[in-house]
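Have a look at the sequence and the 3D view before reading on. My notes come after it, in an order that should suit a first visit.

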Amino acid sequence: MRFTSVFLPIRATSPRDLVERVVQLLVGLFLYGVALGLMVRGGIGVAPWDVLALGIAGQAGIGYGVVTVLVSLLVLVLWIPLRQRVGLGTVLNALLVGPSADLALAVLPEPSSLWVGAPMFVAGLVLLAFATGLYIAADFGPGPRDGLMTGLVRVTGWPVWLVRTLIEGSVLLIGFLLGGPVGVGTVLFAFGVGPLIGWFLPWTTRLRQKRSLVLARTP
């Protein structure tokens with residue numbers, strides 16, 4: 001395989017299609033970070049990948065941020081047998097999601113009670129699934145974790161919701177065994193995000209494809 005073939009080419013039906021898809025990608029990644037902020041502020045548990053990162057950090061005695069980077073690199077290594085290719089969306093995912101999550105955390109207040117925090121978490125979960133569908137449908141390549149999901153869907157032929165649920169459930173179990181913090185929200189995320197993405201991703205993909213076809217015929 002040539003080195004250049006590792007990277008996804010950027011294609012568009014027209015210049016306007018390219019601009020709209022880049023905007024869709026950026027909006028999707030920004031909303032993804034906001035969704036993470038909402039779930040963290042909810043205070044009822046962290047997502048399975050964060051359970052894993054915190055569990056490893058506790059066992060290894062290194063920082064959460066360093067572990068997060070290492071986990072992302074490991075996930076990208078898992079792309080190799082799946083023959084996944086890196087795209088613009090893959091790179092921007094790593095660069096933009098974190099800052100947008102920090103921005104959301106800076107703006108969102110601490111919930112005054114569980115009755116406020118729990119709906120914040122649920123809103124974040126739904127928003128994250130929508131944002132995932134939005135930026136993947138822009139067709140610039142998925143982020144590390146979503147690329148693992150889409151690669152397994154393509155290779156196995158299993159539905160999106162099943163693959164995502166299996167990934168999140170496995171990560172949750174490993175993180176829990178390593179001592180990562182688990183709450184009610186963690187379980188809701190692990191078993192709720194798959195079905196939600198399974199609904200949002202096909203919908204956003206159909207809308208994007210129809211829009212691209214329209215722009216292809218626009219002079």
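Here are my points, going from the core to the salt bridges and then to the surface.

1. A word on what you are looking at: this is a predicted model. Please read everything below with that in mind.

2. Start with the inside. The largest nonpolar core has 43 residues. Those with the most contacts inside this core are Leu25, Trp49, Leu128, Met149, Ile167, Phe189 and Ile197. The elements that give two or more residues to it are H1 (15-42), H2 (48-60), H3 (64-82), H4 (88-107), H5, H6 (144-156), H7 and H8. Which helix gives the largest share of this core? That is H5, with nine residues. As general background, nonpolar side chains in soluble globular proteins tend to be buried together.

3. Met149 is a good place to zoom in, being one of the core residues with the most contacts. Setting aside neighbours within four places in sequence, Met149 is in contact with Ile136, Val160, Val163, Arg164, Ile167 and Ile197. Two of those names, Ile167 and Ile197, are also on the list of core residues with the most contacts.

4. Now for helix H5, which covers residues 114-137. Does its length agree or disagree with what its residue count predicts? At 1.5 Å a residue, the 24 residues of H5 should span 34 Å, and the end C-alpha atoms are 34 Å apart, so the two agree. Just after H5, Asp139 takes a positive phi of about 65°.

5. Staying with H5, find Thr132, which sits in that helix. Is Thr132 buried or exposed? Its relative accessibility is 0%, so Thr132 counts as buried; the cut-off for buried is under 20%. If residues up to four places away in sequence are left out, Thr132 touches Tyr32, Asp146 and Ile197. Ile197 turns up here as well as among the contacts of Met149.

6. Next, the charged pairs. How many salt bridges does the structure hold? There are seven. Some of the residues are linked in a network of salt bridges: Arg16, Asp17, Glu20, Arg21, Arg208 and Arg211.

7. Within that network, Glu20 deserves a look. Its side chain meets that of Arg208 in a salt bridge (3.4 Å, N to O). Because Glu20 lies in helix H1 and Arg208 in helix H8, this pair ties together parts that are 188 residues apart in sequence. Glu20 also meets Arg211 in a salt bridge (2.8 Å, N to O). Arg211 lies in H8 too, so this second pair ties together parts that are 191 residues apart in sequence.

8. How covered are these three residues? Glu20 is partly exposed, with a relative accessible area of 21%. Arg211 counts as partly exposed as well, at 30% relative accessibility. Arg208, at 7%, counts as buried.

9. Another pair stays inside a single helix. Glu168 and Arg164 meet through their side chains in a salt bridge (2.9 Å, N to O). Both lie in helix H7, four residues apart, about one turn of the helix. In general, an α-helix has 3.6 residues a turn, so residues three or four places apart point the same way. Glu168 and Arg164 are both buried, and Arg164 is among the contacts of Met149.

10. Turn to the surface. Leu173, Phe176, Leu177, Val182, Val187 and Phe191 make a nonpolar surface patch of about 600 Å². The elements that give two or more residues to the patch are helix H7 (160-177) and helix H8 (184-216). H7 gives the largest share, three residues. Val182 lies in the loop between H7 and H8 and is partly exposed, with a relative accessible area of 38%.

11. Two last residues to find in helix H8 are Val184 and Trp203. Val184 counts as exposed, at 58% relative accessibility, while Trp203 is partly exposed at 33%. Trp203 and Ala137 are 66 residues apart in sequence and 9.0 Å apart in space, C-alpha to C-alpha. For Val184 and Val27, the separation is 157 residues in sequence and 29 Å in space, again C-alpha to C-alpha.

Key
Residues numbered from 1 in each chain as written. Predicted model: local features only at pLDDT ≥ 70, side-chain atom pairs only at ≥ 80, totals over all residues. Heavy atoms only, no water. Patch = residues over 30% accessible without salt bridge, like charges linked within 9 Å, V, L, I, M, F, W, Y side chains within 5 Å. Areas by Shrake-Rupley, 256 points an atom, 1.4 Å probe, with all protein chains shown as cover. Salt bridge = Lys/Arg side-chain N within 4 Å of Asp/Glu carboxyl O. Buried < 20%, exposed > 50% of the residue type's maximum accessible area, 1.4 Å probe, protein only. Contact = heavy atoms within 4.5 Å. Core = buried A, V, L, I, M, F, W, Y, C linked by side-chain atoms within 4.5 Å. Expected span 1.5 Å × (residues − 1).
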